[in-house]
Amino acid sequence: MAYDPIHQFQIQKLIPIEVGGVDFSFTNASLFMVLTVAGASAFLILSTRGRGLVPSRWQSAAELTYEFIAQTLRESTGSDGMRFFPFVFSLFMFILVANLWGMFPYFFTVTSHIVITGAMAVMVILMVVGFGLWRHKFGFFQLFVPRGVPVVILPFIVVIEILSFLSRPLSLSIRLFANMLAGHITLKVFAGFVTALASLGAIGVLGAILPLFATVALTALEFLVAALQAYVFAILTSLYLNDALHPSH
Amino acid sequence: MDDRNAKPGPSVDRDDRELAERLHALERELDKGRAARDTEASRDAAPARPGMALGFRLAADFVAGVVLGAALGWGLDRLLGTSPWGLVVFLLLGFAAGILNAMRSAGLLKPGPPGPDDRPG
């Protein structure tokens with residue numbers, strides 16, 4: 001159905017593949033993930049091919065993205081955290097490019113699926129826990145014991161802190177997925193109003209003007225959200241990584 | 001633009017030495033910059049964000065705590081057969097964790113351990 005706002009999120013098998021009873025089909029989600037990686041790689045490789053001392057426009061765009069993420073990471077974790085730069089930058093580029101691909105009409109938005117955002121969030125939290133344990137051994141658990149808390153309520157606080165820590169991948173994934181899902185549904189619903197109203201005749205066409213403007217405005221907003229959510233994911237990742245680097249504050 | 005390429009020719013040796021010296025000078029400058037950057041006080045400046053993004057963020061932080069608490073409690077009940085106590089206790093704890101998350105996101109809890117949105121100090 002044309003006006004079904006959920007239809008755009010359906011997974012379709014493009015090339016059915018089955019190995020040992022497990023479904024490995026190449027779906028539209030896979031296709032757009034491949035496109036995302038290809039897009040991000042093409043942007044960075046092609047734009048830095050010239051390597052001019054005076055950068056071209058494309059090169060300067062690539063340098064700006066690099067500097068932006070490097071600065072974000074450095075501000076939240078210090079120079080020590082720069083070892084995570086490839087990780088954070090890849091996450092940022094993947095989310096940004098996936099979001100932007102999703103802005104094309106009829107395209108599939110990879111980041112509107114919680115499986116994908118969840119996988120990225122779990123990856124982040126595993127890295128935090130893994131690196132934290134490797135670097136600080138048992139000292140990593142200081143993270144859950146705030147200072148200056150009376151001994152009587154300390155067990156409660158520790159449990160709450162642990163729950164709060166465990167809820168991070170959840171909120172990280174929910175935030176990105178909910179933003180993309182809600183934005184795309186809203187856009188589709190408003191755009192659906194335009195066609196539905198316009199098919200009603202002269203008065204309908206007049207009435208369709210308002211949702212048309214709303215659609216245009218929402219499209220602009222969606223571009224903002226696309227970039228913003230990639231940034232939010234990157235900055236939260238670097239803040240969590242900072243916990244792994246410096247658990248005792 | 002003169003430092004773009006070292007010119008080939010008989011003066012390569014001298015150029016190499018000059019280049020090395022310049023590299024060292026640059027290294028020192030960069031080190032100074034790095035040191036300054038690490039002690040920068042501008043870390044507390046929160047980036048400006050539109051209200052809707054902040055709202056989404058607080059909501060996600062809070063909901064995540066509650067959902068995680070409920071899921072953990074339910075799972076424990078299933079495993080240990082303590083229904084409904086695990087759900088009751090962990091839902092409440094999850095609620096507390098959600099509030100903690102949201103307050104940290106909003107920057108209302110500056111001192112204390114770093115949370116989802118705390119800037120290191």
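Here is a walk through the structure, from the overall layout of chain A down to one residue, and then across to a pair of helices in chain B. Keep in mind that this is a predicted model.

Let's start with the big picture of chain A. Its secondary structure adds up to 7 helices and 4 strands. If you follow the sequence from the start, the order reads β-β-β-β-α-α-α-α-α-α-α, so the strands come before the helices. The C-alpha trace covers about 70 × 55 × 45 Å along its principal axes. Of the 249 residues in chain A, 34% are buried. As for how the chain meets itself, take the contacts with a separation of 6 or more: 64% of them join residues that sit 24 or more positions apart.

Now pick out helix α4 of chain A, residues 114–136. This helix has 23 residues and runs 32 Å from its first C-alpha to its last, close to the 33 Å you'd expect at 1.5 Å a residue. Which residues of α4(A) are buried? They are A:I116, A:T117, A:A121, A:V124, A:I125, A:V128 and A:G132. These buried residues pack against two helices of chain A, α5 (154–198) and α7 (209–245). Just after α4(A) comes A:K137, which has a positive phi, near 50°.

Next, zoom in on A:I95, in helix α3 (residues 85–102) of chain A. Is A:I95 buried or exposed? It counts as buried because 27 other C-beta atoms lie within 10 Å, and the cut-off for buried is 20 or more. Leaving out residues up to four places away in sequence, A:I95 touches A:T111, A:L176, A:Q229, A:A230 and A:F233. A:I95 also gives you a nice example of sequence distance versus space: A:A226 is 131 residues away along the chain, yet the two C-alpha atoms are 8.2 Å apart.

Finally, hop over to chain B and look at helix α2 (residues 51–80) and helix α3 (residues 85–105). The two pack at an angle of about 160°, and their axes are 7 Å apart. That angle makes α2(B) roughly antiparallel to α3(B), because anything over 145 degrees falls in that class. Sorted by class, the contact between α2(B) and α3(B) has 20 nonpolar, 8 polar and 3 charged residues. What is the handedness of the crossing where α2(B) passes α3(B)? The crossing is right-handed.

How values were computed:
Residues numbered from 1 in each chain as written. Chains lettered and ligands numbered in written order. Predicted model: local features only at pLDDT ≥ 70, side-chain atom pairs only at ≥ 80, totals over all residues. Axes fitted to C-alpha atoms, helices over the stretch in contact; angles between N-to-C directions. Parallel < 35°, antiparallel > 145°, perpendicular 65-115°, else oblique. Left-handed = near helix turned anticlockwise from the far one by under 90°. Nonpolar A, V, L, I, M, F, W, Y, C, P; charged D, E, K, R; others polar. Buried ≥ 20, exposed ≤ 12 C-beta atoms within 10 Å, placed from the backbone. Contact = placed C-beta atoms within 7 Å. Expected span 1.5 Å × (residues − 1).
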